[in-house]
Amino acid sequence: MKNYSVGISGVGSFVPENILTNYDLMKMVDTSNEWIVERTGIRERRIGSKDISTSDLGTEAAKRALKDANLKPEDIDLIIVATITPDHLFPSTACIIQDNLKATNAAAMDINAACTGFVYGIVTGASFVKSGMYDRVLVIGGENLSKIIDWKDRNTCVLFGDGAGACVLERCDEGYGILSYELGSDGENRQVLIQPGGGSKIPASMESIEDNLHTLKMDGREVFKFAVRTMERTSKVALERANLQVEDIDLLIPHQANIRIIDAARKKLDLPMDRIYVNLDRYGNMSSASIPVALDEAIRDKKIKKGDNILFAGFGAGLTWGSLILKWNKEEDNV
Ligand code: UT7
């Protein structure tokens, strides 16, 4: 079994054009801009039009990542899509994107680890490259959450948005790329964040629709407590496994759910604010797309350079969590 170093060779993202502001939401539910900004940090989010699906967003993000990596679709050996809003329960959204791209040499599969999905996807994809089984893996985090939101529930509808981000994984020089990671799960607490209907437990029926079981349900306070605990703990596990200290981290890219969660984790980790990338004010929580979209923006904002230690930390439904540390292996683009 080979043991190659694995890094990110291309990054891309795509969000729908349509912006839904807090003021727009005030016309839909009993809420206020002040409440949403103060309690979450979110000011606006992107909402895909009716005819847009997760594969459309993911395909565009993937095209941009391939361009950034200087690769053609047929160079890709495996496509992994992390999503909780697939186009269909089956076939996989990865297969639809494989067809859209004409990635004729790629295997394709979806994984579902909710908001931690992108971290799970990177770890899964990297394992194939590390072992020498595949040379190039495309990992996409894409969500069309607006389709599963209960737009009458002010507790949840103000939080989420649509988007997609993608990365290409390839071998890199030793000492660079993925240094460590941790993935975890706690299925016992699965009820705190769930879309109950539409699967084999509660298939679609007149009753399930009347009971509104096909939309996202969340116990916000429980998820909040879990998130704060987890962000700190999983980040520390990844640091320990990479034999690094908090001071060695150049940029933390957290799952973008709530500025108060990020702030609490930041304080617990004792990381200065300028070493955390935050874009949730403009996009809300895009679940598995949050981290790759933020990564793409951080690169374009010139916040990342070769040799930097980058920490991803996420949590989500399942419950799941995951962290990963990369030593950035890509030279800055000169454009
Ligand atoms: O990716 C993982 C997914 N989820 C998360 O990360 C979410 C984690 N949880 C959170 O971010 C927070 O718990 C929320 C933002 C969801 C809620 O904030 P909170 O500070 O925990 O508020 P709360 O649920 O304790 O509610 C406080 C009050 C309630 O009113 P009462 O019962 O005190 O009268 C809510 O009904 O705020 C009310 N409220 C709202 N008011 C105006 C809840 N949502 C809204 C709203 N606008 N949109």
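## Ligand site, pockets and backbone outliers

In this predicted model, the shell around the ligand consists of 11 nonpolar, 7 polar and 5 charged residues.

Q: Which element gives the largest share of the shell around the ligand?
A: The helices α2, α6, α8 and α9 each supply at least two residues of this shell. The largest share is 4 residues, and the element that provides them is α8.

Q: Which residues come nearest to the ligand?
A: There are 23 residues around the ligand, counted with a cut-off of 4 Å between heavy atoms. The nearest of these 23 are Thr 31, Arg 39, Arg 221, Asn 258 and Asn 285.

Q: Which residue has a side-chain N or O atom 2.8 Å from an oxygen atom of the ligand?
A: Two contacts of the ligand involve its nitrogen atoms and the protein backbone: one is at 2.9 Å from a polar backbone atom of Arg 154, and another is at 3.0 Å from a polar backbone atom of Gly 220. The contact at 2.8 Å instead pairs a ligand oxygen with a side-chain atom, and the residue is Arg 260.

Q: How much of the ligand's accessible area does the protein cover?
A: On its own, the ligand has 950 Å² of accessible area. The part of this covered by the protein is 77%.

Q: Which pocket does the ligand take up, and what is its volume?
A: The space taken by the ligand is the second largest pocket. The volume of the second largest pocket is about 660 Å³.

Q: Which residues lining the second largest pocket are the closest to its centre?
A: The lining of this pocket comprises 24 residues. Elements giving two or more of them are α2 (33–40), α6 (154–157), α8 (220–241), α9 (259–269) and β12 (309–316), and α8 gives the most, with 4 residues. The closest to the centre are Trp 35, Asn 155, Leu 159, Gly 220 and Arg 221.

Q: How many residues in the lining of the second largest pocket are charged?
A: By class, this lining has 11 nonpolar and 8 polar residues. The charged residues in the lining number 5.

Q: Which elements give two or more residues to the lining of the largest pocket?
A: The largest pocket holds about 1100 Å³ of space. Its lining has 37 residues, with Ile 84, Leu 89, Asn 112, Gln 195 and Gly 197 nearest the centre. The elements that give two or more residues to this lining are β5 (107–111) and β9 (193–194).

Q: How many nonpolar residues are in the lining of the largest pocket?
A: The lining includes 16 polar and 5 charged residues. The nonpolar residues in it number 16.

Q: Where does Pro 91 lie?
A: The peptide bond from Phe 90 to Pro 91 is cis, with omega near 0 degrees. Pro 91 is in the loop between β4 (78–82) and α4 (93–101).

Q: What is the omega of the peptide bond from Gly 318 to Leu 319?
A: Leu 319 belongs to the loop between β12 and β13 (320–327). The bond from Gly 318 to Leu 319 is cis, and its omega is near -10 degrees.

Q: What is the phi of Lys 102?
A: Lys 102 is placed in the loop between α4 and β5. Its phi is positive although Lys 102 is a residue other than glycine, with a value near 60 degrees.

Q: Where is Ser 287, a residue that has a positive phi although it is not a glycine?
A: The phi of Ser 287 is about 45 degrees. Ser 287 is found in the loop between α10 (280–283) and α11 (290–300).

Definitions and conventions
Residues numbered from 1 in each chain as written. Predicted model: local features only at pLDDT ≥ 70, side-chain atom pairs only at ≥ 80, totals over all residues. Heavy atoms only, no water. 1 Å grid on protein atoms, 1.4 Å probe; cavity = no way out; pocket = protein on both sides within 12 Å on 5 of 7 lines; lining within 4 Å. Points joined across faces, edges and corners; volume = space filled by probe spheres on them. Nonpolar A, V, L, I, M, F, W, Y, C, P; charged D, E, K, R; others polar. Polar contact = N/O pair within 3.5 Å; in protein donor to acceptor, adjacent residues only side chain to side chain. Areas by Shrake-Rupley, 256 points an atom, 1.4 Å probe, with all protein chains shown as cover. Sits in = over half its atoms within 2 Å of the grid points.
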